[in-house]
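Q: Could you take me on a close look at the place where the ligand sits, and show me how that part fits into the rest of the protein? I am new to this structure, so a connected walk-through would be welcome.

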Amino acid sequence: MQALPIFINITNRLCVVIGGGEVATRKVSMLLKANAAVTVVSPEFSHELQEMAAVGKIQLIQASYAASQLNGACLVVAATDAQAVNAAVSNDAKALNIPVNVVDAPDLCTFTMGSIIDRSPVVIAVSSEGKAPVLARYVRTKIETMLPTGYGRIAAIAGEFRDQVKAKFATSQARRRFWEDVLQGPMVERVLSGQEQAARQLLQNLLDDQEASTNKGEVFLVGGGPGDPDLLTFRALRLMQQCDVCIYDKLVSPEVMALVRRDAELIYVGKSRDQHTLPQQEINELLAKLALQGKRVLRLKGGDPFIFGRGGEEIETLMQHGVPFQVVPGITAANGVSSYAGIPLTHRDYAQACLFITGHLKDGTLDLDWRAMARPRQTVVVYMGLVGLAQICEKLIEHGVSPAMPVAVVQQGTTQRQKVVVATLADLAAKVAAAGLKAPCLTIIGEVVHLREKLAWFEPKEHAENSIQN
Ligand SMILES: C[S@@+](CC[C@H](N)C(=O)[O-])C[C@H]1O[C@@H](n2cnc3c(N)ncnc32)[C@H](O)[C@@H]1O
């Protein structure tokens, strides 16, 4: 290690930046984040620097560089495009024992700032000792994606309890153990899901020795998206890797299931048509029961839990039992599947509205609002299997939609098993029957389907011949 990472408190202390261009502006913004008192010296200043000065955030000295401008500074940054000036700043600062940073000249620096991940008050800086700044930025991006943006809030709340914890635990070892327990417990997820009051209450309970109420489990109602695991949210993935038990159904793709924590108990509550493995009410009760046993329960759903996902019913039961929960949205099938099929759901020339519908056959008939579905200049997305599709086509034609209206049926969209059948209302039933599609399938009805001819981009590997066009 050639340089020691340290964090300097520069609040209200003079930092001098030599240079007034774009790079200098970036450095000034960084120094301001740390509440420095910044003076910028240059014959010319960027527009942004002038704006900052106008509102009193920084001081500008319009002049050529002179060593006397460094007097009293705690840090100096040289960001001019004149190498001789940069070298002079470096020499002068070193002579005055002021730490100096020269942009893109590691040999002239006595300090570098690294690539910063800011979760204030948690701050991480990545350095490559000036040898590979792009690599350092790449590492920073990786860490950014791993650390939820709410980490700073965890630190801030922990800070609020510092004195109480110090008063309660006499030794630093006991305090460390307390914080380790807290940071591996449910408090973290409460903060990250925006339930800060509940997080504070948990901490207070722990301090008041009310562990029983703190040890209650919780439920994560998570949308697993339409199938491609790359479409999971960061939060979904994090919770999937934390759960003790995962309750899932058929709609969750095997690729997404593969990312659930390996040691978690998996409970399948899948439903297939005519064959209800577990009635919804029993699923609701099961979630509450497992959480009340102290478990972290992942309820993993295909798509989004609140779009034809019965997520609302599940959390209603949790509410009744006083079980803490959070809901993580997922990409719903209409979004994911239409994107991967190259069919925008709205388009200035074809559709200004989009209707998501689902239907269940009752006594062999579908009870849908046909007039609303038959309106022009809209796209209709039908969330349901293939049964009833022929009836939908007939009814729409009956209600005035052209038999030539294009329709796409997409099997297992966003996965490597995606298959698309494009037809018209008139010939859809025959084409779908011939294609031998497997569930789940989504149907998109509207002029926008024509766009697939130009916009199809996704090439699933499992079907060399994946698309049947009309
Ligand atoms: C009970 S709904 C659940 C919808 C889910 N909550 C969502 O937001 O996507 C099930 C229907 O969603 C559609 N669906 C879900 N994932 C799909 C996929 N990957 N490809 C095609 N259709 C899908 C099918 O129409 C299926 O019958």
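A: Happy to. Let's start with one polar contact: an oxygen atom of the ligand has a backbone N or O atom of A333 at 2.8 Å. Please keep in mind that this is a predicted model.

Two further pairs involve nitrogen atoms on the ligand side. A polar backbone atom of P226 is 2.7 Å from a nitrogen atom of the ligand. With L442, a polar backbone atom is again the partner, and the distance to a nitrogen atom of the ligand is 3.4 Å. How much of the ligand does the protein bury? Taken alone, the ligand exposes 570 Å², and the protein buries 86% of that.

Now step back to the whole shell. The ligand is surrounded by 19 residues, and the closest are P226, D304, I307, T332 and C441. By character, the shell divides into 12 nonpolar residues, six polar ones and one charged. Two elements that each supply at least two residues of the shell are helix 14, which spans 333–341, and strand 21, which spans 441–445.

Which domains does the shell draw on? At least three of its residues come from domain 3 (216–331), and at least three from domain 4 (334–468). These two belong to a domain assignment that also gives domain 1 (14–113) and domain 2 (148–213). Taken over C-alpha atoms, the centres of domain 3 and domain 4 are 27 Å apart. The contact between them takes 12 residues from domain 3 and 14 residues from domain 4.

To see a little more of the surroundings, look at A236, which lies in helix 10 (residues 234–240). Is A236 buried or exposed? A236 counts as buried because its relative accessibility is 0%, and the cut-off for buried is under 20%. Leaving aside neighbours within four places in sequence, A236 is in contact with V222, G223 and V328. A236 and G330 are 94 residues apart along the chain, yet 8.1 Å separates their C-alpha atoms.

For one more stop, try S90, found in helix 3 (residues 83–95). S90 also counts as buried, because its relative accessibility is 0%. Not counting residues up to four places away in sequence, S90 touches V100, V102 and L108.

To return to where we began, the ligand has polar backbone atoms of P226 at 2.7 Å and of L442 at 3.4 Å, along with a backbone N or O atom of A333 at 2.8 Å.

Terms used. Residues numbered from 1 in each chain as written. Predicted model: local features only at pLDDT ≥ 70, side-chain atom pairs only at ≥ 80, totals over all residues. Heavy atoms only, no water. Near = heavy atom within 4 Å. Polar contact = N/O pair within 3.5 Å; in protein donor to acceptor, adjacent residues only side chain to side chain. Areas by Shrake-Rupley, 256 points an atom, 1.4 Å probe, with all protein chains shown as cover. Helix = DSSP H or I, 4+ residues; strand = E, 2+ residues; numbered from the N terminus. Nonpolar A, V, L, I, M, F, W, Y, C, P; charged D, E, K, R; others polar. Domains from an automatic or database assignment. Buried < 20%, exposed > 50% of the residue type's maximum accessible area, 1.4 Å probe, protein only. Contact = heavy atoms within 4.5 Å.
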